[in-house]
Amino acid sequence: MVGVSDGQTPGPTPTAAGSAADRPLLSLALASMMDEVHAHSGAVYLLAPDHPVLEMAVMAGMPRAFAAPWERVGLSAPIPVAEAVRERRLVWVGGEEEMARRFPRIAVVLPYPFALAALPVATPAAAYGAVFVTWPGSHPPVLSDWEREHLGAACDRLAMRLERAAAESRRLLPEPDLLAAPPAGGVADTLGSVEAARMVARLPYGLASLDLHGRISFVNAAGADLLGLPAGELLGTRLWASVPWLNDPMYEDRYRAALISQHITSFLALRPPGDWLSFRMYPSTTGLSVRISRARAVTELARAVPEPGAGPSSLVTISQVLSLAGALTEAVGVQDVVQLVADEIVPAVGSQALVVLGSQSGRLHVLGHRGYRDPQVIERFDGTPLTAPLPGARVLSTGVPAFFESREQMERLYPARRGVSDGFAAWAFLPLIASGRPVGTCVLAYAEPHHFPADERAVLTSLGGLIAQALERAWLYDTKHRLAHGLQQALLPHSLSRVPGFDAAARYLPATRGMDIGGDFYDLVPTRPTAAAVIGDVQGHNVTAAGLMGQLRTAVRAYTTVGQEPHEVMRSTNRLLMDLGVELFASCLYLRLDPAHASAVMSRAGHPPPLLRRPDGRVRVLDLAGGPLLGIDSAATYPTTRVHLPPGSVLVLYTDGLVESPGTDIEDALAELGHRLGDAGDVPLGRLAEYLVRHSAAARERIDDVAVLLLRARE
């Protein structure tokens, strides 16, 4: 039985203009859905009217605080409900390990055994939101067919009702969250209830009952005695809020773990000055029963228990910090870190502006800033020495954060800041130190004077450490990316040589996986009175592949220059690759252009066939003779084929990254490439190369490098 919660107020619900609906549409639909599939918690999200954001409209079975980091979810977020709406399908997460693998942001905040299903609430015409429901960790790892059918049908019914409400301009009123209510009546009569109370009172250990919010609804005399407070002061309060020595997020986490997983959980706690107590929680969908007793033989566990007197932050704040930590792990480059801090951390801590400074060669450099109306106010600090009498340099030199609750406080300690008007009234300067090395300073600015209590300072300092680690990783990535890009540019021709009788254009895109560097290569080699063209692909997307690619390109150019015929060039290059002793293969297509006879002699080594567009616009795939990949057989031969190239014809040479992608048949991909080539018309070669790459599904995915070399016979 699901009842209305008296302890939570739901967030804003998207509305449509018109009269208010008189029935709690979302709450009833969610309760019915959960009852049908025996789920123990769930929520309904609605799409915001003007933004690609899902907003939690109603939650059931668990306190809303459990899902605080995801009350508003962007459609692009790596969260099950967002994925369900994006892909219009059911998203199933069968357990703790799968959650950690697929949705690490959720797993880091809720590292408990439970299963989850998320579904879109949509009609064929429009999406209205999403639903998720959860089961205890005992649920099988696979969603059954009947559960899938019931959930899908329930979401379809809800979508139709929302569509009808929108068509009738009926406004959806905010609805209360749903929590499990105690059963009406009871199994015992009044005398039985009295006797049960007497029995509990006689027990030598403590018993307490907590509702889903963690509030104490019953405690026996032994329990009150062990907790050290009268029962009257405990009733209606949260256990970890009313008992000072239980005011630690670790203990509240055990309550969350019990409710979400529906597994029995336990913990030990030290009651000052030296009494160890054991707490064992027995969860159900209506709350928890807690058994409290004196612990035995736990001296060896003392080191595992937090020191008393520490000032813990609230658990919701910790959940948000963990969620932000998960988001920071997804930042790739330095600007990604700056943007993520601006988008997620700045609003979470209540500041209005941000500056991220990086330390390099004894100076601070502005890596990025947000929220300042005049960028020159910030950019004037670019290049500040670490010895300067300024808070940004000082905190990085000392490793100690600085908090200024007013402008007067800052100017009193740092007179050099006088006269610098940035429009803000309070600041937090956080040193960014990773692996013991200072990497920069993060400055959070507040529009009004701001008090920084001890717990807020602790949270901001922790965030500084997370930002520092993300920034260090991003700096390393950017450095590797610049190195890879520079190496790739050095190994490929800066420009194509002019050859008689032909125009040429080329494009190269590295794979997005690996180091943004790969083994695809191309070249155009002028040889009087003809010219040669080559395109190839060395296995791999790393420095080794790029280095071997450079060697092969140089070898082909050398063999061409000394006058070898196409089949000889291929045989010589193959033997060179075998002699180098590397365990990499390469595909290659080599051709000798003959403008005098409007033709080309081609030789192929395991490379995709070229395409030829004739002057009349017809396109065909050239069926060339060839041999195996380079580097497999030192005795391999590479026969040649002469192809007629009339004036105005276009020859398309490419690597497999242009046409190959998972799940796509190569023949279909070649046919599609031929259609694109025929539809492009007579455009400049550079535009044609861009068009072919831009409209290739395989190139958009960038699983592999992409190289394209186009040749047009002049008229």
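Biologist: Leaving aside neighbours within four places in sequence, which residues is Leu227 in contact with?

Modeller: The model is a predicted one. Leu227 is among the residues with the most contacts inside the largest nonpolar core. Once its neighbours within four places in sequence are set aside, its contacts are Leu234, Leu239, Val243, Trp245, Leu246, Phe279 and Ile292.

Biologist: Which helix gives the most to the largest nonpolar core?

Modeller: This core has 60 residues, and Tyr45, Trp70, Leu246 and Phe279 are also among those with the most contacts inside it. With 6 residues, the helix that gives the most to this core is H10 (residues 249-261).

Biologist: How many residues should helix H19 have, and what span agrees with that number?

Modeller: Helix H19 covers residues 666-680, which is 15 residues. At 1.5 Å a residue the expected span is 21 Å, and this agrees with the distance between its end C-alpha atoms, 21 Å.

Biologist: What arc around the axis do the buried residues of H19 cover?

Modeller: The buried residues of H19 are Ala669, Leu670, Leu673, Gly674, Arg676, Leu677 and Ala680. Their cover includes strands S25 (611-613), S26 (619-621) and S29 (650-654), as well as helix H20 (685-694). These buried residues lie on the same side of H19, because the arc they cover is only 160°.

Biologist: Which exposed residues does the face of H19 turned away from its buried side carry?

Modeller: To count as exposed, a residue needs over 50% relative accessible area. On the face of H19 turned away from the buried side, the exposed residues are Glu667, Asp668, His675 and Asp679.

Biologist: Which residue just after H19 takes a positive phi?

Modeller: H19 ends at residue 680. Just after H19, a positive phi of about 80° is taken by Gly681.

Technical notes:
Residues numbered from 1 in each chain as written. Predicted model: local features only at pLDDT ≥ 70, side-chain atom pairs only at ≥ 80, totals over all residues. Heavy atoms only, no water. Core = buried A, V, L, I, M, F, W, Y, C linked by side-chain atoms within 4.5 Å. Buried < 20%, exposed > 50% of the residue type's maximum accessible area, 1.4 Å probe, protein only. Helix = DSSP H or I, 4+ residues; strand = E, 2+ residues; numbered from the N terminus. Contact = heavy atoms within 4.5 Å. Expected span 1.5 Å × (residues − 1). Arc of directions from axis to C-beta.
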